[in-house]
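Take a walk through this model, one contact at a time. Keep the sequence beside the coordinates as you read.

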Amino acid sequence: RLRFDQALDHFAEEFEISRNPLVPGQMQQMASLSQVGPDSAVGARPGLIYSLRLEEDRCVLGCHGAEVQLPAAARDAVAFALETPRFTVRDLPGGLDADGQGVLVRRLIREGLLQRL
């Protein structure tokens, strides 16, 4: 059983990192980061392939062949953001304050995982 789980994890990781990022309009998204506020409508990019895991005191997000490390407390907000096609920044769950929500959303937009709608 353990070997099967390890093999499955390996194949899942290989699939995730071998996907070419499709982030149309990313330059425009980056240029508008300063306009992201609590009432901004954002959403996960369609067809996003990612992994999300907890490691000790951090949340590790893998996508586009890269890993983003965030505080473990952000895990619920990250999972919601990556699974939700449309929401406002203030809708993020998990107890982040307004500043923390904005920082998280801007980081996920910068990484090409979310987009401003």
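In this predicted model, the side chain of Ser32 makes a polar contact with the side chain of Arg116, at 3.4 Å. Ser32 sits in the loop that runs between helix 2 (26-31) and strand 1 (41-44). Its relative accessible area is 11%. Ser32 is therefore buried, since the cut-off for that class is under 20%.

Arg116 leads to the sheet, as strand 6 covers residues 114-116. Which order do the strands take? The sheet is open and has 3 strands, in the order 5-1-6, with antiparallel pairing. Strand 5 (87-88) and strand 6 stand at the edges. Each has a single partner strand, so one side of each is left without a neighbour in the sheet.

Now look at the pairing of strand 1 with strand 6. The two run antiparallel and are joined by 3 bridges. One residue to find here is Gly43, whose bridge partner in strand 6 is Gln115. Helix 4 (98-110) lies across strand 1 and strand 6. The helix runs at about 105 degrees to strand 6.

Next comes the interior. The largest nonpolar core has 24 residues. Val105 and Leu114 have the most contacts inside this core. Two or more residues come from each of strand 1, strand 3 (58-63), strand 4 (66-71), helix 3 (75-83) and helix 4.

What does Leu114 touch, not counting residues up to four places away in sequence? Its contacts are Gly43, Ala44, Arg45, Ala81, Leu82, Phe87, Val105, Leu108 and Ile109. Val105 is thus on the list for Leu114. Gly43, the bridge partner of Gln115, is on that list too.

Turn to helix 3, where Arg75 is found. Is Arg75 buried or partly exposed? At 30% relative accessibility, Arg75 counts as partly exposed. Beyond its neighbours within four places in sequence, Arg75 is in contact with Leu52, Leu54 and Cys59. Pro93 lies 18 residues from Arg75 along the chain, and their C-alpha atoms are separated by 9.6 Å.

Cys59 brings up the cysteines. Cys59 is buried, with a relative accessible area of 0%. Cys63 is buried as well, at 5% relative accessibility. How many disulfides are there? The count comes to 0. By the rule used here, a disulfide needs a pair of cysteine sulfur atoms within 2.5 Å.

Key: Residues numbered from 1 in each chain as written. Predicted model: local features only at pLDDT ≥ 70, side-chain atom pairs only at ≥ 80, totals over all residues. Heavy atoms only, no water. Buried < 20%, exposed > 50% of the residue type's maximum accessible area, 1.4 Å probe, protein only. Helix = DSSP H or I, 4+ residues; strand = E, 2+ residues; numbered from the N terminus. Polar contact = N/O pair within 3.5 Å; in protein donor to acceptor, adjacent residues only side chain to side chain. Core = buried A, V, L, I, M, F, W, Y, C linked by side-chain atoms within 4.5 Å. Contact = heavy atoms within 4.5 Å. Pairing = 2+ DSSP bridges. Axes fitted to C-alpha atoms, helices over the stretch in contact; angles between N-to-C directions.
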